[in-house]
Amino acid sequence: MSETTSQSVLKRKALAGQHRHQARAMTAVRSLRVSLSKAAESEMQLAMAAIGLTEAVSEPVDVLDDVDEKTLLILLDTPSRGPGAALVGPELVTAIVQQQTMGRVIEPAQGAEPRKPTKTDAALVAPIIDALFRLAGEAPDELEDRMLLRGVRYGAAISSARHLAMALEAPEYKHFTLNIDVDVGKQQGVLQLLLPRVDNQSVQEIADAENNGNGEEPTSLGETASVLRTDVRVGLARLRLSYNEIIQLSVGDLLDLPEEAVQKAELQTAAGRRVAYGKLGQVEGRRALRIVPTHQSTTPKAASMDDAPSESPLAEPPAAALDLPATDMPPLGAPDIEMPGGLPDMDLPDLPDIPDIPGDLPTDLPTDDAHMDLMPGELPPMPGLPDLPDLPDLPDLPDLPDLPDLNS
């Protein structure tokens with residue numbers, strides 16, 4: 001009897017200690033709650049607090065069926081588990097936009113209806129989303145919770161819930177719902193997060209890597225860096241398109257790639273910086289990239305400025321471009337240039353004689369000095385003109401009749 005009583009007492013003490021530890025542990029839910037306030041303060045100098053937060057395991061269809069069209073839909077990028085989603089309520093969007101544009105949050109008017117979100121609204125919400133996951137990804141105590149939140153960032157704004165549901169491909173998602181108070185009661189909104197669950201195998205692999213396979217922590221910076229994961233991407237080509245061409249692109253459109261795209265693919269970081277060249281192919285039915293040295297990745301075509309290696313800011317032109325063919329050009333300033341065979345003789349036709357003008361031209365024309373002696377309004381006499389004949393007298397006019405008396 002005494003043994004049973006002592007075991008029950010020990011069990012209650014162990015459970016109480018476990019409950020106290022769980023109350024103090026930093027879980028994913030608590031990390032999101034704490035990180036939200038820090039992110040809003042650091043990014044927008046705005047007071048935000050999660051007054052209610054729930055966690056569940058859901059399928060995207062069950063969540064997106066009840067989404068209002070005025071909710072801002074955001075696609076989230078995760079390191080290796082596929083896309084996630086953030087659903088920002090219209091009241092929360094309005095508060096963030098007001099703080100970002102006017103510097104303060106305004107209490108909603110009575111009966112005011114929220115508007116449909118735009119891409120500009122998504123761009124203003126993006127910084128706080130990135131800051132939230134940047135802070136929350138390092139806080140949880142459990143490795144599974146850290147992997148769930150670490151590396152998540154803003155991806156793109158989605159126009160409809162149907163398109164967002166098509167992009168979410170994971171079988172199950174962690175569904176977080178945050179009821180948020182903004183600026184001490186001026187606004188209240190809802191933020192929902194759908195994050196792909198982390199499978200137990202990935203958690204165990206990373207745990208073994210962090211413990212270096214034998215239960216010990218890595219002892220050097222090199223060992224620590226060797227077990228970290230990073231994202232890389234392969235770029236086939238860089239295309240130049242006008243803004244009108246870009247906005248007219250739709251699903252199913254084809255883009256013309258250069259011939260050397262497969263032979264000269266670029267290995268890039270997540271930020272888009274090129275780190276190596278490679279040849280794209282396949283190994284055992286899977287896509288693969290073979291890294292090649294930089295000098296082997298060049299093509300016989302003329303290289304552009306974008307293809308210059310990043311190590312040398314001023315790339316020298318290829319030597320072949322400077323080899324000009326030798327020609328027998330005369331030196332500059334040479335007075336005589338001999339043409340082979342000389343210049344051909346040119347026979348010009350005889351010009352006809354100019355006919356004589358009949359009559360004599362007057363020789364006593366006035367000079368400029370004569371013009372200077374004239375008074376204003378006078379014309380010089382015209383020399384050499386013949387005298388005009390006398391004109392006959394005009395006949396007398398007939399008698400005109402008397403005018404009528406106007407007084408009669």
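## The nonpolar patch

Helix α10, residues 243–247, supplies the largest share of the nonpolar patch, with three residues. Before going further, keep in mind that this is a predicted model. The patch sits on the surface and is built from Val234, Leu236, Leu239, Leu241, Tyr243, Ile246, Ile247, Leu249, Leu255, Leu257, Val262 and Leu280. Taken together, these residues offer about 1,000 Å² of accessible area.

Leu239 is a handy member to look up. You'll find Leu239 in the loop between β7 (232–235) and α10. Its relative accessible area is 38%, so Leu239 counts as partly exposed, since that class runs between the 20% and 50% cut-offs.

## The negative patch

There's a charged patch on the surface too, a negative one, formed by Glu59, Asp62, Asp65 and Asp66. Asp65 is in the loop that runs between α3 (60–64) and β2 (72–77). With a relative accessible area of 57%, Asp65 is exposed, because anything over 50% earns that label.

## Salt bridges

How many salt bridges are there by the rule used here? The count comes to nine. One of them pairs Glu43 with Arg134, and the closest N and O atoms are 3.4 Å apart. Glu43 belongs to helix α2 (residues 28–44) and Arg134 to helix α5 (residues 119–136), so this pair ties together parts that are 91 residues apart in sequence. Glu43 itself is partly exposed, at a relative accessible area of 32%.

Arg150 and Glu138 make another salt bridge, with 3.5 Å between the closest N and O atoms. Here both partners are in loops: Arg150 is in the one between α6 (143–149) and β4 (153–158), while Glu138 is in the one between α5 and α6, so the pair links parts 12 residues apart in sequence. Arg150 is partly exposed at 30% relative accessibility, whereas Glu138 is exposed, with a relative accessible area of 51%.

## A further pair and a network

The side chains of Lys186 and Asp183 also meet in a salt bridge, at 3.4 Å from N to O. Are these two partners buried, partly exposed or exposed? Lys186 is partly exposed, with 31% relative accessibility, and Asp183 is partly exposed as well, with 22%.

Elsewhere, salt bridges link up by sharing partners. Arg238, Glu266 and Arg274 are joined into one network in this way.

## Two buried residues

Now for a couple of residues with little exposure to look at. Is Lys174 buried or exposed? Lys174 is buried, because its relative accessible area is 12% and the cut-off for buried is under 20%. Lys174 is part of strand β5 (residues 173–182). Its side chain makes a polar contact with the side chain of Glu55, at 3.0 Å.

Val97 is the other one to check, and you'll find Val97 in helix α4 (residues 90–102). At a relative accessible area of 11%, Val97 is buried. Val97 and Thr120 are 23 residues apart in sequence, and their C-alpha atoms are 9.1 Å apart in space.

Methods: Residues numbered from 1 in each chain as written. Predicted model: local features only at pLDDT ≥ 70, side-chain atom pairs only at ≥ 80, totals over all residues. Heavy atoms only, no water. Patch = residues over 30% accessible without salt bridge, like charges linked within 9 Å, V, L, I, M, F, W, Y side chains within 5 Å. Areas by Shrake-Rupley, 256 points an atom, 1.4 Å probe, with all protein chains shown as cover. Salt bridge = Lys/Arg side-chain N within 4 Å of Asp/Glu carboxyl O. Lys, Arg positive; Asp, Glu negative; His and termini not counted. Charge placed at Lys NZ, Arg CZ, Asp CG, Glu CD. Helix = DSSP H or I, 4+ residues; strand = E, 2+ residues; numbered from the N terminus. Buried < 20%, exposed > 50% of the residue type's maximum accessible area, 1.4 Å probe, protein only. Polar contact = N/O pair within 3.5 Å; in protein donor to acceptor, adjacent residues only side chain to side chain.
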